[in-house]
Amino acid sequence: MADLLETLWAGGQAAYVVGGCLRDALLGREAADWDLTTDARPERVQALFPRSIYENRFGTVVVRHHGAQYEITAFRRDVSYTDFRHPDAVVFGDSIEEDLARRDFTVNAMAWGAEPGCEPTFVDPCGGQADLARRMLRAVGDPDERFREDALRMARAVRLAATLEFEVEPETLAAIGRSADLAGHISGERVMSELLKLLWASRPSIGLRLMADSGLLAVLAPELERQRGLAQNKIEGEDLWDHTVRTVDAAPRRQIVRLASLLHDVGKPDTLADGHFHGHEAVGAVMARDFLARLHAPRVLQERVAHLVLNHMFSYQRTWSDAAVRRFIRKVGPGCVDDLLALRAADNLGSGQPPDAGGLTELATRIATELTGHAVLGRHQLAINGSDLKSELGLPQGRELGRLIDDLTERVIAEPALNDRAILLDLARQAVTERGLVENLNS
Ligand code: ATP
Ligand code: MG
């Protein structure tokens, strides 16, 4: 990165490292991406870095250097915002101070670099270093104004509080409370991206609690807001929202499991009757999918999270036969059992129980045994397939054939020794005769 600054300086330009990457470097955290700002206009930056890419809209030139990505943006100045989200125009600024003043939080409004011909210095007009030492997120300038300009900053505040384990300065937090309604202007994609970053924190509860207390949750996830104040006889004095937040913190850092933890009981408020939440997992699965669809999450993610929510209420018994364990794997899907068990362990912890309550550890061991033993769990592992049945028994392609394969799969899941070509063909012949399929087929 020093090379890039040197190139700009040598070209007679002012150039600084700026924003979140500087903050992360000062915190000793690995920065996700590096941002440079300069008085050079994009065309000039491109001329200095011939292999760069110019992203037209925001005046940002992207340079790949030693495998890392650097974004070089010309100084910018704030202009009016009419949609509570995007500035009406991108206007280039004249100074580093002006550029820092448009940034969201003081810890993100520091720069290190130099004007042409000068020694590099640290530029911190908003007191970012002091706030960094206090571990505090404070809006640059008037917080009410800043959040009304761009509602995304409110979501960034709670997300950064969680990932950095910072507090939000009280005036800044109060301003979020006053502008929370405007969070409805943030696009689904941006909400999703901030939510995923928040859930990636060691303790997502920091951000989730701030969302709830500031009113952002009610706007961004009204279905989760409804968990607040709903009694739940798990941990004394805690409500359903407390349980959800605990569960998310207890979940391993895997995107799917964290999302499923957040949404696993989303169906409870709607299904509450006589002190029970009957069928909440089925209602919750639909709500989870709808929530993620609203945030434009990829379809596979929607489906996988919904699937985990739908299946999270399983109750394992030590008396389950091995066949029952195999049927469980088949129902959940071999690729999903790990996530489901992780969700359930988190749910246990969120309920004030030991993580392996309900025999989870034993179930996990039994599942591992089945999986490493290459047990038949689906039709693809069967010793015969549709073509065999067609050629050996003369069955035509169709629904009956599919059903027959499913039946044979069930038999083999129950009794693995049956997974032999000759045995399965015999069983198929019997089934065909018993069901009178032959007559149907011949007619
Ligand atoms: P991270 O990279 O960890 O997600 P970040 O703070 O670096 O966090 P970026 O999206 O990389 O976030 O933004 C880089 C910098 O741009 C920020 O540190 C901040 O100075 C500024 N910035 C980003 N979004 C906004 C915004 N909505 N309003 C004002 N300044 C912003
Ligand atoms: Mg960044």
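In this predicted model, the domain assignment divides the protein chain into four parts: domain 1 (2-134), domain 2 (140-220), domain 3 (245-373) and domain 4 (379-440). Four residues of domain 3 and six residues of domain 4 take part in the contact between domain 3 and domain 4. The centres of these two domains, taken over C-alpha atoms, are 33 Å apart.

It is helpful to look at this interface by area. Between domain 3 and domain 4, about 470 Å² is buried, and carbon and sulfur atoms contribute 49% of that area. On the side of domain 3, three arginines stand out: Arg326, Arg327 and Arg330 supply 90% of the area that this domain buries against domain 4, more than any other three residues.

The polar side of the interface can be described next. One salt bridge is counted between domain 3 and domain 4. Arg330 also appears in a salt bridge with Glu410, where the closest N and O atoms are 2.3 Å apart. Three residue pairs are in polar contact across the interface of domain 3 and domain 4, with both residues at pLDDT 80 or more. The residues with which domain 3 touches domain 4 comprise three charged, one nonpolar and no polar.

Aromatic residues give a further point of interest. Over the whole structure, the search returns six aromatic pairs. One aromatic cluster is made up of Phe314, Tyr316, Trp320 and Phe328. Phe314, a member of this cluster, also has a charged neighbour: the charged end of Arg344 sits over the Phe314 ring, 4.6 Å from the ring centre.

Conventions
Residues are numbered from 1 along each chain as its sequence is written. Chains are lettered from A and ligands numbered from 1 in the order in which they are written. This is a predicted model: local features need pLDDT of at least 70, side-chain atom pairs count only at pLDDT 80 or more; totals for chains, interfaces and linings use all residues. Side-chain values use heavy atoms; hydrogens and water are left out. Domain bounds come from an automatic or database domain assignment. Contact means heavy atoms within 4.5 Å. Buried area is the accessible area (1.4 Å probe) that two parts lose on being put together, summed over both. A salt bridge is a side-chain nitrogen of Lys or Arg within 4 Å of a carboxyl oxygen of Asp or Glu. A polar contact is a pair of N or O atoms within 3.5 Å; within protein, one must be able to donate a hydrogen and the other to accept it, and residues adjacent in sequence count only if both atoms are side-chain atoms. Ala, Val, Leu, Ile, Met, Phe, Trp, Tyr, Cys and Pro count as nonpolar, Asp, Glu, Lys and Arg as charged, and the others, Gly among them, as polar. Rings of Phe, Tyr and Trp (its six-membered ring) pair if their centres lie within 6.5 Å; planes under 30 degrees apart count as stacked, over 60 as edge-to-face and the rest as tilted. A charge sits over a ring if NZ of Lys or CZ of Arg is within 6 Å of the ring centre and within 35 degrees of the ring normal.
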